[in-house]
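Colleague: Could you take me slowly through a single part of this predicted model, and then set that part among its surroundings? I would prefer one connected account to a list.

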Amino acid sequence: MNQETVMPVLATLARVYVDDLEAALPTFVELTGEQPRLRFTYRGLDLASVGGYLLLAGTREALAPYRGTHATTIVDSVDQVLRIAERHGGEILDGPNEVPTGRNLTVRHPGGATIEYVQFHATARAAFA
């Protein structure tokens, strides 16, 4: 295994699609014993990470393009993920993009798993730590 195939994944968040972020948060705060680490808006969605969850709230229409993504994975380098995905025949569905927390990339991997990869900028990384 060469150096580049060793991918330092920092965290993987389970995606939870909700109708109302404010209504959903108290349950997840109590379940995890944590307050939201990050809260932001993106493409008509309200998002918050709490514990091992990424809550995505919005209308049915706003959520529709994202429901097929299985997880969000925080990584050191989106560019490295892009090279690995291309080498293994992954399909780039979106990105790389600048997003409120840094950069992201969504990949459908061979076998069908669809994962969003996020490389945090310094402020988001500090909030997530």
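Modeller: Let me begin at a pair of facing residues, S49 and L54, the latter in β4, which stand opposite each other. This is a predicted model, and the part I would look at closely is β3, which spans residues 45-50. The strands β3 and β4 run antiparallel and are joined by five bridges; they form a hairpin with two residues between the strands, in which G51 takes a positive phi near 60°. On the other side of the account is β2, which also pairs with β3 in the antiparallel sense, again over five bridges. There R39 stands opposite A48 of β3, and the hairpin formed by β2 and β3 has two residues between them, with R43 in the turn at a positive phi of about 50°. As for its exposure, five of the six residues of β3 are buried, so the strand is largely enclosed by the rest of the structure.

What surrounds β3 can be followed through its residue L45. Leaving aside residues up to four places away in sequence, L45 touches F40, L56, A57, G58, A62, L63 and Y66. L45 also belongs to the largest nonpolar core, which has 17 residues, and is among those with the most contacts inside it, together with L47, L56, I74, F120 and F128. At least two residues of this core come from each of β1, β2, β3, β4, α2 (60-63), β8 and α4 (122-128). There is in addition a second, separate core of 11 residues, which includes V18, V29, A48 and L55. In soluble globular proteins, nonpolar side chains tend to be buried together.

Two of the contacts of L45 deserve a closer reading. One of them, G58, lies in the loop between β4 and α2, and with a relative accessible area of 17% it is buried, because the cut-off for that term is under 20%. G58 touches V18, D19, L45 and L63, not counting residues up to four places away in sequence. Of these, D19 is 39 residues from G58 in sequence, yet the two are 5.7 Å apart in space, C-alpha to C-alpha. The other, Y66, lies in the loop between α2 and β5 and counts as buried at 14% relative accessibility. Beyond residues up to four places away in sequence, Y66 touches R15, Y17, Y42, R43 and L45, and the R43 in that list is the residue with positive phi in the turn of β2 and β3. The C-alpha atoms of Y66 and E116 are separated by 9.5 Å, although the two residues are 50 apart along the chain.

Y66 and E116 also lead to the largest pocket, which has a volume of about 390 Å³. Among the 29 residues that line this pocket, R15, Y66, N104, T106 and E116 are the closest to its centre. Two or more lining residues come from each of β1 (9-18), β2 (38-42), β3 (45-50), β4 (53-57), β5 (71-75), β6 (91-99), β7 (102-108) and β8 (114-120), so β3 has a part in this lining as well. The largest share, four residues, comes from β8. By class, the lining has 17 nonpolar, eight polar and four charged residues.

For the far end of the strand order, β7 offers a parallel to β3. Five of the seven residues of β7 are buried, so this strand, too, is largely enclosed by the rest of the structure. β7 pairs with β6 in the antiparallel sense over six bridges, where R103 of β7 is the bridge partner of E98, and a hairpin joins β6 to β7 through two residues. With β8, β7 pairs in the antiparallel sense over seven bridges; here V107 stands opposite I115 in β8, and the hairpin of β7 and β8, which has five residues between the strands, contains G111 with a positive phi near 100°. In the loop between β6 and β7 lies T101, which is buried with a relative accessible area of 7%. Not counting residues up to four places away in sequence, T101 touches L38, F40, V118, Q119, F120, H121 and A124. F40 thus ties the account together, since it is a contact of T101 and also of L45 in β3.

Terms used: Residues are numbered from 1 along each chain as its sequence is written. This is a predicted model: local features need pLDDT of at least 70, side-chain atom pairs count only at pLDDT 80 or more; totals for chains, interfaces and linings use all residues. Side-chain values use heavy atoms; hydrogens and water are left out. On a 1 Å grid over the protein atoms alone, a cavity is a set of points where a 1.4 Å probe fits but cannot get out, and a pocket is an open set with protein on both sides within 12 Å along at least five of seven lines; lining residues have an atom within 4 Å of a point. Grid points are joined across faces, edges and corners, and a volume is the space filled by probe spheres set on the points. Ala, Val, Leu, Ile, Met, Phe, Trp, Tyr, Cys and Pro count as nonpolar, Asp, Glu, Lys and Arg as charged, and the others, Gly among them, as polar. A nonpolar core is a set of buried Ala, Val, Leu, Ile, Met, Phe, Trp, Tyr and Cys residues joined through side-chain atoms within 4.5 Å. Buried means under 20% relative accessible area, exposed over 50%, partly exposed in between (1.4 Å probe, protein chains only). Contact means heavy atoms within 4.5 Å. Two strands pair if DSSP finds at least two bridges between them.
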